[in-house]
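Have the sequence and the model open side by side, and let's walk through a few parts of the fold. We'll start with a sheet and its helices, move to a strand in the other chain, and finish on one histidine.

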Amino acid sequence: MFEQTDPNQIQLNCEGQLKHYLTTEGLSREILTEILDTADSFVDMGEQQVKKVPLLRGKTVVNLFFESSTRTLSTFELAAKRLSADVLNLNISTSSTSKGETLKDTLMTLEAMHSDMFVVRHSDSGAAHFIAEHVTPKVAVINAGDGRHAHPTQAMLDMLTIRRHKGDFAPLTVAIVGDILHSRVARSQIHALRTLGAAEIRVIAPQTLLPRHIEALGVRVFTDMEQGMKDVDVVMMLRLQKERMNSALLPSESEFYKLYGLSEEKLALAHPEAVVMHPGPINRGVEIASSVADGPRSLILDQVTNGIAVRMAVMSMSMSGQATEKQLQLKSGE
Amino acid sequence: MNIKIQGGRVIDPAQQLDQVTDLYISEGKIAGIGNAPEGFNAEQTIDATGQVVSPGFVDLCAHVREPGYTIKGTLATETQAALAGGVTTLVTPPTTNPVVDTTAVAELILERCEDLGKAKVLPMGALTKGLSGQQLAPMHALASSGCIAFTNAREPVANSLVLMRCLEYAATHDLLVQFQPQDASLTAGGHMHEDTTSTRLGLNGIPEAAETIEVARCLTLVEQTGVRAHFGQLSCERSVRMVMEARERGLNVSADVAIHHLLLTDENVNGFNSAFHLIPPLRSQLDRAGLRQALISGGIQALCSDHQPHEAAAKDAPFAATEPGMTGLETLLPLSLMLVDQGLMELPQLLEKLTSQPAQILGLESGTLQTGAAADICLFDPDASWTLTEEDSFSKGKNTPFMGFTLKGQVTHTLVDGKLVFQR
């Protein structure tokens with residue numbers, strides 16, 4: 001009765017190019033690879049004396065963070081500045097929503113200031129879709145994390161980190177460990193890994209931290225970490241928020257660490273060349289041992305560096321996709 | 001006023017009547033079918049050629065929002081929407097502001113509806129004061145002032161002793177209790193059915209157990225207290241099966257389902273369309289199939305609209321931040337006719353679920369075209385195609401996923417107590 005068109009197609013313009021970046025789900029392998037290739041070129045640029053390119057010169061990027069964040073916000077800000085954009089950071093959680101202004105009103109006000117791109121973080125799943133579809137379709141929307149739904153730039157910086165260390169995805173077994181239930185990162189990682197062709201994706205967690213029917217996303221579920229770690233090439237740890245400890249999800253930090261924390265012993269079960277990743281911020285001794293986080297297999301700081309490059313890539317691609325669409329609309333209007 | 005409804009296909013499930021004939025109305029009541037009563041002189045004749053003449057629909061749950069939430073709907077707008085949908089009697093939950101826990105509020109609603117002279121509104125009274133689940137509401141007084149049944153709606157009565165006392169008290173006075181079963185702790189923070197789609201979308205799920213646990217608890221206490229009980233707007237196949245089994249054991253229980261739960265599933269939430277944000281949530285395909293089966297087998301006796309109008313802003317936000325519910329009065333007939341179109345049931349069988357069965361659950365004498373019954377009637381063209389638009393819909397709420405759809409089956413005339421109160 002209702003046509004089941006892929007709702008994620010609103011990310012693409014009529015030429016099939018990215019114009020919003022909301023989720024890794026439903027994006028083709030070609031687009032994901034284009035993001036990685038573009039980001040790769042920006043990684044190298046970051047090491048040069050002059051770190052700026054003029055791709056977004058004259059454009060206004062607004063970082064709209066309805067949830068607090070230091071790391072993601074600052075890497076988005078740096079990414080926009082390295083693309084030569086003008087950047088406005090808004091921490092909305094403390095301003096207008098407390099005055100009763102709706103999300104829609106806030107966005108429309110900012111659109112009226114001729115913003116070209118919104119980078120949005122929001123605690124409601126689907127917030128970025130809502131903005132791109134119903135509020136400001138002509139402003140490029142980049143999802144910087146929505147509820148438990150998606151965190152697509154985090155996922156792609158993880159993919160870039162994997163590709164730069166392992167090359168091809170095809171032979172890889174990747175394990176995602178920890179609080180899958182509340183994790184937008186895990187969901188975006190799973191979609192990206194599947195599309196990029198990873199051989200096997202595992203999730204490792206107790207049942208209380210696994211969403212219902214997660215296996216339908218194409219993953220193997222392990223509740224025993226020692227089994228799940230066997231022969232893994234990439235271990236992606238997730239952050240366990242401290243407040244989860246006070247709910248009925250887990251008995252204690254120490255029990256969680258004992259069963260699902262990444263210790264040297266558990267890492268030893270993985271492939272000898274396995275690498276370790278974590279989206280940060282890290283809870284040392286809760287989900288990961290300090291010696292592992294700071295150890296030779298850890299790629300955690302590479303992830304941060306790659307994060308800026310991936311954000312530059314999706315920002316420049318989305319802006320160019322919006323421009324192409326506007327040109328085509330102008331032409332068809334003539 | 002004497003009215004003759006001429007040449008329509010008269011369907012009255014209560015009398016197992018289905019034939020093309022004439023219907024006579026006199027002094028607000030049905031005066032006869034087929035042959036004119038002696039001395040009948042029609043002051044008005046309605047040509048019903050090609051139309052179905054049915055008892056007006058009896059809707060077991062429709063929110064009208066007044067008093068308290070008139071930004072969403074008023075008695076005037078929603079009873080007009082009811083008439084446009086062929087609904088002549090609607091049962092409203094006590095979740096107004098103030099709550100229907102005093103006779104003053106019940107009387108206010110009833111008097112205002114009497115003045116409006118549109119569809120008949122039968123308020124349900126609160127089971128507990130303020131719906132807070134702690135103290136019994138004055139059920140006997142409320143019933144005396146016109147409350148048709150008692151419910152705590154979706155507010156929890158967490159204390160099972162309090163719930164048992166409520167049911168005992170209702171049983172004492174032979175009052176009907178309606179459950180809208182929902183376990184508070186399993187529902188809290190949830191926005192859709194917990195399954196693959198909620199996992200993909202990262203929306204907090206409401207597990208099936210949120211409904212079945214409460215159905216089980218209520219059934220246990222119904223059995224113990226012997227109260228007459230109705231389960232409203234069930235969404236899970238398993239809950240319906242539990243109610244059916246209780247019925248087979250001889251308990252005085254019945255069940256209804258909202259029409260949209262027979263047509264939609266949780267997969268419709270894909271894309272975060274807030275029009276599909278409903279409580280109870282749209283469930284799985286298996287649940288939908290089970291509910292449909294139960295409707296055919298008689299395990300579910302009635303279809304309702306579960307009409308919940310909202311102002312536009314209530315739906316204009318990210319999914320989880322929107323308010324649940326959709327309008328349903330004006331789409332009740334065309335959506336129900338889809339079940340006939342899909343070959344699930346015949347038209348008379350469907351109309352039974354919209355007329356005589358819900359009337360029987362409530363203990364009303366309406367819902368039929370028997371001679372002497374109140375002339376609450378709707379005429380509809382089962383084949384008329386029409387498009388649902390915001391401009392043409394009467395409800396104050398425009399929040400339905402079917403907005404803009406071309407639907408089949410449209411009400412043309414509605415009569416309440418023998419008065420033609422709606423005509424298209």
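## A sheet, two helices, a busy strand and a histidine

A good place to start is a single residue pair: A:V62 has A:F118, in β3(A), as its bridge partner. Keep in mind that this is a predicted model. That pair belongs to the link between β1 (residues 60–65) and β3 (residues 117–122) of chain A, two parallel strands joined by five bridges.

Zoom out and you'll find an open sheet of four strands in chain A, ordered β2-β1-β3-β4, with parallel pairing. Its edges are β2 (86–91) and β4 (140–146) of chain A, each of which pairs on one side only. On average, neighbouring strands of this sheet are turned by 15° against each other, direction ignored. As for what holds such strands side by side, strands of a sheet pair through backbone hydrogen bonds.

Now for the helices. Helix α3 (residues 103–112) of chain A lies across β1, β2 and β3 of chain A, and runs at about 160° to β3(A). Helix α4 (residues 127–135) of chain A is mostly covered, with seven of its nine residues buried. Those buried residues are A:A127, A:A128, A:H129, A:F130, A:I131, A:A132 and A:V135. What covers them? The cover on the buried residues of α4(A) includes α3, β3 and β4 of chain A.

So how do α3(A) and α4(A) sit against each other? They pack at an angle of about 60°, with their axes 11 Å apart. The two helices are therefore oblique to each other, and α3(A) passes α4(A) in a right-handed crossing. On the α3(A) side, the contact uses A:L103, A:K104, A:L107, A:M108 and A:E111; they meet A:F130, A:I131, A:H134 and A:V135 in α4(A). Sorted by type, the residues of this contact are six nonpolar, one polar and two charged.

Over in chain B, take a look at strand β1 (residues 2–12). Is it enclosed or open? Eight of its 11 residues are buried, so β1(B) is largely enclosed by the rest of the structure. Here are three of the strands that β1(B) pairs with, and how many bridges each pairing has:

| Partner of β1(B) | Direction | Bridges |
|---|---|---|
| β2(B), residues 17–26 | antiparallel | nine |
| β4(B), residues 44–47 | parallel | four |
| β5(B), residues 52–55 | parallel | two |

If you'd like a residue to click on for each pairing, B:D12 has B:L17 as its bridge partner in β2(B). For β4(B), B:K4 is partnered with B:T45, and for β5(B), B:R9 is partnered with B:V52. The pairing with β2(B) is also a hairpin: four residues lie between β1(B) and β2(B), and in that turn B:Q16 has a positive phi of about 50°.

Last stop: B:H277. Where is B:H277 found? It's in the loop between β14 (253–258) and α9 (285–297) of chain B. Buried is taken as under 20% relative accessible area, and at 2% relative accessibility B:H277 therefore counts as buried. Which residues is B:H277 in contact with, leaving aside its neighbours within four places in sequence? The list is B:H191, B:K315, B:F319, B:A320, B:T322, B:E323, B:P324 and B:G325.

Note on methods: Residues numbered from 1 in each chain as written. Chains lettered and ligands numbered in written order. Predicted model: local features only at pLDDT ≥ 70, side-chain atom pairs only at ≥ 80, totals over all residues. Heavy atoms only, no water. Pairing = 2+ DSSP bridges. Axes fitted to C-alpha atoms, helices over the stretch in contact; angles between N-to-C directions. Contact = heavy atoms within 4.5 Å. Buried < 20%, exposed > 50% of the residue type's maximum accessible area, 1.4 Å probe, protein only. Parallel < 35°, antiparallel > 145°, perpendicular 65-115°, else oblique. Left-handed = near helix turned anticlockwise from the far one by under 90°. Nonpolar A, V, L, I, M, F, W, Y, C, P; charged D, E, K, R; others polar.
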